[in-house]
Structures are given as C-alpha cells and as structure tokens.
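Here are some short exercises to work through with the model open beside you. Try each task before you read its solution.

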Amino acid sequence: MTNKITKLEKVGFVLVSLIVLLQGFYGTLAFIDPATFSTVRGTELFSAMDADWVKIYGSRTIFITLIFGYLLYTRNHIVLMWGALFAVVMPITDGLLAYEAQAPFKVVAKHISTILYLLIIFFVLKKVVAQKV
C-alpha cells in the first residue's frame with residue numbers, strides 16, 4: 001500500500017513551508033540586525049541596549065521554525081493544523097503593537113495578512129486531515 005500525497009496535501013506543504021522559511025528569516029535577522037528587524041516588525045528599537053530582547057525574540061522564533069519544520073517533515077498534519085490556528089495569537093499581538101507604535105499601515109496590514117494566511121493553512125490542513133480519515 002502506497003501513501004500517495006494528494007494535491008491538497010502538496011498545497012498545505014507549500015503554505016507551511018513558506019511561513020516556516022519566513023519565520024526562519026525573521027529569527028536570523030533578529031540576531032544579525034536587531035534594529036532592522038524591529039523596524040520590519042513595526043516597532044522601533046530606540047536603545048541599542050535593548051537589542052538583547054530582540055535576540056531573545058529571535059531565538060524563540062528559530063525554535064518555533066525548527067518545531068514546525070520537523071512537523072512538516074514528519075507530515076504531522078493534525079499538529080500543524082492546530083499550530084497554525086493557535087499561531088494567530090502572534091500576528092494579532094504584533095499587529096496591535098505595531099498599530100500602537102504608529103507604524104505605517106503597510107506594516108499593520110502585513111500582520112493582518114499573516115492572520116489570514118494562518119487561517120488558510122488551518123482550513124487547508126483541516127481538509128487534508130479529513131481526507132486521511
């Protein structure tokens with residue numbers, strides 16, 4: 001019996017891969033250039049002495065990237081599905097912080113787009129899981 005990968009599963013794989021790569025990039029950028037990373041995320045780093053907090057954020061982002069990368073590799077669709085849904089809390093918080101920091105609208109819109117993207121991943125993987133049952 002072969003375990004054929006469906007087109008929908010391939011779509012889910014691509015969607016999750018893209019967000020994993022993006023988060024890996026953000027985590028790395030937080031270490032390399034904390035000030036630029038802060039600006040990209042919508043909050044300005046006013047003191048170089050606070051760069052360690054950005055690096056802490058980066059280490060956690062890399063941790064999340066590795067976990068989701070492993071789940072993708074092992075095709076653990078159920079955990080990926082729920083992880084995508086629960087991950088919505090991060091762009092909601094980031095978007096609110098960016099809005100409160102009076103970041104440009106395009107930065108806040110990026111966080112809103114991330115929420116929608118994560119919800120799309122959730123629903124695609126939900127269908128993948130339903131097909132596998």
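A helix here is a DSSP run of H or I with at least four residues, numbered from the N terminus. Please keep in mind that this is a predicted model.

**Exercise 1. The largest pocket**

Task: Find which helices each supply at least two residues of the lining of the largest pocket.

Solution. Start with the space itself: the largest pocket holds about 450 Å³. Its lining has 25 residues, and the closest to the centre are Ile19, Gln23, Ile64, Ala87 and Met90. Next, go through the helices. At least two lining residues come from each of helix 1 (7-32), helix 3 (51-73), helix 4 (77-86), helix 5 (89-100) and helix 6 (105-132). Finally, sort the lining by class: 15 residues are nonpolar, 6 polar and 4 charged.

**Exercise 2. The second largest pocket**

Task: Work out which helix gives the most to the lining of the second largest pocket.

Solution. This pocket has about 260 Å³ of space. Phe37, Arg41, Thr43, Tyr57 and Leu97 are the closest to its centre among the 13 lining residues. Two or more lining residues come from each of helix 2 (34-41), helix 3 and helix 5. Of these, helix 3 gives the most, with 4 residues. By class, the lining counts 8 nonpolar, 2 polar and 3 charged residues.

**Exercise 3. The nonpolar cores**

Task: Identify the helix with the largest share of the largest nonpolar core.

Solution. Begin with a general point: in soluble globular proteins, nonpolar side chains tend to be buried together. The largest nonpolar core has 18 residues, and those touching the most other members are Val16, Leu80, Met81, Ala84, Leu118, Ile121 and Leu125. Helices 1, 3, 4 and 6 each contribute at least two residues to this core. The largest share, 7 residues, belongs to helix 6. To see one member up close, pick Val16: beyond its neighbours within four places in sequence, Val16 is in contact with Leu72, Leu80, Ile121 and Leu125. Another core, of 7 residues, lies apart from the largest one and includes Tyr26, Phe37, Leu45 and Ala51.

**Exercise 4. The buried side of helix 2**

Task: Explain why the buried residues of helix 2 are on the same side.

Solution. First list them, taking buried as under 20% relative accessible area: Pro34, Phe37, Ser38 and Arg41. These residues span an arc of only 100° around the axis, so they fall on the same side of helix 2. Then look at what covers them: helix 1, helix 3, helix 5 and helix 6 are included. Last, step just past the end of helix 2, where Gly42 has a positive phi of about 105°.

How values were computed
Residues are numbered from 1 along each chain as its sequence is written. This is a predicted model: local features need pLDDT of at least 70, side-chain atom pairs count only at pLDDT 80 or more; totals for chains, interfaces and linings use all residues. Side-chain values use heavy atoms; hydrogens and water are left out. On a 1 Å grid over the protein atoms alone, a cavity is a set of points where a 1.4 Å probe fits but cannot get out, and a pocket is an open set with protein on both sides within 12 Å along at least five of seven lines; lining residues have an atom within 4 Å of a point. Grid points are joined across faces, edges and corners, and a volume is the space filled by probe spheres set on the points. Ala, Val, Leu, Ile, Met, Phe, Trp, Tyr, Cys and Pro count as nonpolar, Asp, Glu, Lys and Arg as charged, and the others, Gly among them, as polar. A nonpolar core is a set of buried Ala, Val, Leu, Ile, Met, Phe, Trp, Tyr and Cys residues joined through side-chain atoms within 4.5 Å. Buried means under 20% relative accessible area, exposed over 50%, partly exposed in between (1.4 Å probe, protein chains only). Contact means heavy atoms within 4.5 Å. The arc is that of the directions from the helix axis to the C-beta atoms.
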